[in-house]
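Here are my notes from going through the file you sent over. Have it open while you read, since I jump between chains a fair bit.

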There are 2 protein chains.
Amino acid sequence: MPKHLTKSLHQKISLAGGKLTRLRKAILDILIQENCLVDKKTVVKKLNQKKINPDRTTLYRELLFLTKNNLVQKTLLNEKIYYELTDLSHHHHLICLICNKIKKIPLENHLQCQEKILSQKNNFDIINHNLEFYGYCYKCQKNN
Amino acid sequence: MPKHLTKSLHQKISLAGGKLTRLRKAILDILIQENCLVDKKTVVKKLNQKKINPDRTTLYRELLFLTKNNLVQKTLLNEKIYYELTDLSHHHHLICLICNKIKKIPLENHLQCQEKILSQKNNFDIINHNLEFYGYCYKCQKNN
DNA sequence: ATATTTGCAAACGTTTTGCATAGTG
DNA sequence: CACTATGCAAAACGTTTGCAAATAT
């Protein structure tokens, strides 16, 4: 886990009155490694690879803790729920409506500027955002 | 239902091999009237007000039809699934992390420009997008 | 030592499936 | 008429709850 992240995550956890358990650390590590949208099944698979086999109740409570305390963000794509680290979520996604492939794209500066404008206009303190583009990838355009 | 929408929706339905049933029409009407994110419970409530009481199986299948065929878009906010008309979805949302209030904001042109750039860069034919900003609304900023 | 976290068992709610009937184009 | 849409019953699945034992700070 990168140093600057460790610190910020650790802070957020203790701020929320939580403890850095083996499971919690492992889940965060997985989300950092993936650095993109990960679904629950993938999280379980990766945990099992690390010889961690939490009860499903425990996993539900863990993901609830992480989302409730804003360490992790949930997103619904193609009828599936995905998770990603809030701290790493400053990129966006191109999602193909045919093959469901998800491609990560970097943040455009425009959006950061817009956040400032929106903040002022609406008296709204923006701390995060979600942006996804839906359409047809190159392959599927050709094949259809 | 506004004329230009009726036509486009009707087309999409028959293109998908579907029929314009009472339930389907009612759901689309509700989504048009709400013109924002609506959850399943609200849909049921509004249907009941119209004396339409579909079996829950039917409702599930209906919402599946509408999302599968891209007439309606699903979004996950605050642990809840919301639906909205794809044709009307060209606005974005400010979501307060404390009181969960959702405020609709109009599309900024910047994003449409970016879509074009992204399309070309990635050989990806973008047909829709989702954008949500998370943060603290004015009231909650004051009270916390 | 205290509070959080965990596993187990069971309850609960949501979503899906199969099939026969009704309704639409 | 052909095909989609619907309701019902039941199954499958996902999520939540309560409690006692284990674990982290």
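The points below go from the fold of one chain to its domains, then to the protein pair and the DNA.

1. **Status and overall fold.** First off, this is a predicted model. Chain A has six helices and six strands. Reading from the N terminus, the order of elements is α-α-β-α-α-β-β-β-β-α-β-α. If you want a box for chain A, its C-alpha atoms fit in roughly 45 × 45 × 25 Å along the principal axes.

2. **Two domains.** Chain A splits into domain 1, residues 3-85, and domain 2, residues 92-143. The C-alpha centres of these two domains of chain A are 23 Å apart. On the domain 1 side, twelve residues make contact, and they meet eleven residues of domain 2 of chain A.

3. **What sits between the domains.** About 870 Å² is buried between domain 1 and domain 2 of chain A, with 48% of that on carbon and sulfur atoms. Three residues stand out: Gln73(A), Leu77(A) and Asn78(A) provide 49% of the area that domain 1 buries against domain 2, more than any other three residues. As for specific interactions, I get zero salt bridges between the two domains of chain A and one residue pair in polar contact, with both residues at pLDDT 80 or more.

4. **Which elements carry the domain 1 side.** In chain A, strand S2 (72-77) and strand S3 (80-85) each give at least two residues to the side of domain 1 that touches domain 2. S2(A) contributes the most there, with five residues. By class, that side of domain 1 has five nonpolar, five polar and two charged residues.

5. **The chain A to chain B interface.** Here 40 residues of chain A meet 40 residues of chain B. The two chains bury about 3600 Å² between them, and 64% of this is on carbon and sulfur atoms. How many salt bridges cross the interface of chain A and chain B? Zero, by the rule used. Polar contacts between chain A and chain B come to twelve residue pairs, both partners at pLDDT 80 or more.

6. **Where chain A's side of that interface comes from.** Several elements of chain A each supply at least two residues, including H4, S2, strand S4 (91-96), strand S5 (102-106) and helix H5 (109-122). The largest share, twelve residues, belongs to S6(A). Sorted by class, the chain A side that touches chain B has 19 nonpolar, 13 polar and eight charged residues.

7. **DNA strand C.** There are 19 residues around DNA strand C, and the closest are Arg24(A), Thr58(A), Arg61(A), Lys19(B) and Tyr60(B). Of the strand C atoms within 4 Å of the protein, 61% are sugar and phosphate. On the backbone, a polar side-chain atom of Thr21(A) is 3.3 Å from a phosphate oxygen of strand C. Chain B reaches bases of strand C: Thr57(B) has a polar side-chain atom 3.5 Å from a base oxygen, and a side-chain N or O atom of Arg61(B) is also 3.5 Å from a base oxygen. The elements giving two or more residues to the surface near strand C are helix H2 (22-34) and helix H4 (56-68) of chain A, along with helix H4 (56-68) of chain B. That surface is made up of four nonpolar, six polar and nine charged residues.

8. **DNA strand D.** Strand D also has 19 residues around it, of which Tyr60(A), Lys19(B), Arg24(B), Thr58(B) and Arg61(B) come nearest. Sugar or phosphate makes up 61% of the strand D atoms within 4 Å of the protein, and bases make up the rest. Thr21(B) places a side-chain N or O atom 3.5 Å from a phosphate oxygen of strand D. Arg61(B) has a polar side-chain atom 2.6 Å from a base oxygen of strand D. Have a look at Glu62(B) too: one of its polar side-chain atoms is 3.5 Å from a phosphate oxygen of strand D. Two or more residues of the surface near strand D come from each of H4 of chain A, helix H2 (22-34) of chain B and H4 of chain B. The residue classes near strand D are four nonpolar, six polar and nine charged.

Key
Residues are numbered from 1 along each chain as its sequence is written. Chains are lettered from A and ligands numbered from 1 in the order in which they are written. This is a predicted model: local features need pLDDT of at least 70, side-chain atom pairs count only at pLDDT 80 or more; totals for chains, interfaces and linings use all residues. Side-chain values use heavy atoms; hydrogens and water are left out. Domain bounds come from an automatic or database domain assignment. Contact means heavy atoms within 4.5 Å. Buried area is the accessible area (1.4 Å probe) that two parts lose on being put together, summed over both. A salt bridge is a side-chain nitrogen of Lys or Arg within 4 Å of a carboxyl oxygen of Asp or Glu. A polar contact is a pair of N or O atoms within 3.5 Å; within protein, one must be able to donate a hydrogen and the other to accept it, and residues adjacent in sequence count only if both atoms are side-chain atoms. Helices (H or I, at least four residues) and strands (E, at least two) are DSSP runs, numbered from the N terminus. Ala, Val, Leu, Ile, Met, Phe, Trp, Tyr, Cys and Pro count as nonpolar, Asp, Glu, Lys and Arg as charged, and the others, Gly among them, as polar. A residue is near a molecule or strand if one of its heavy atoms lies within 4 Å of it.
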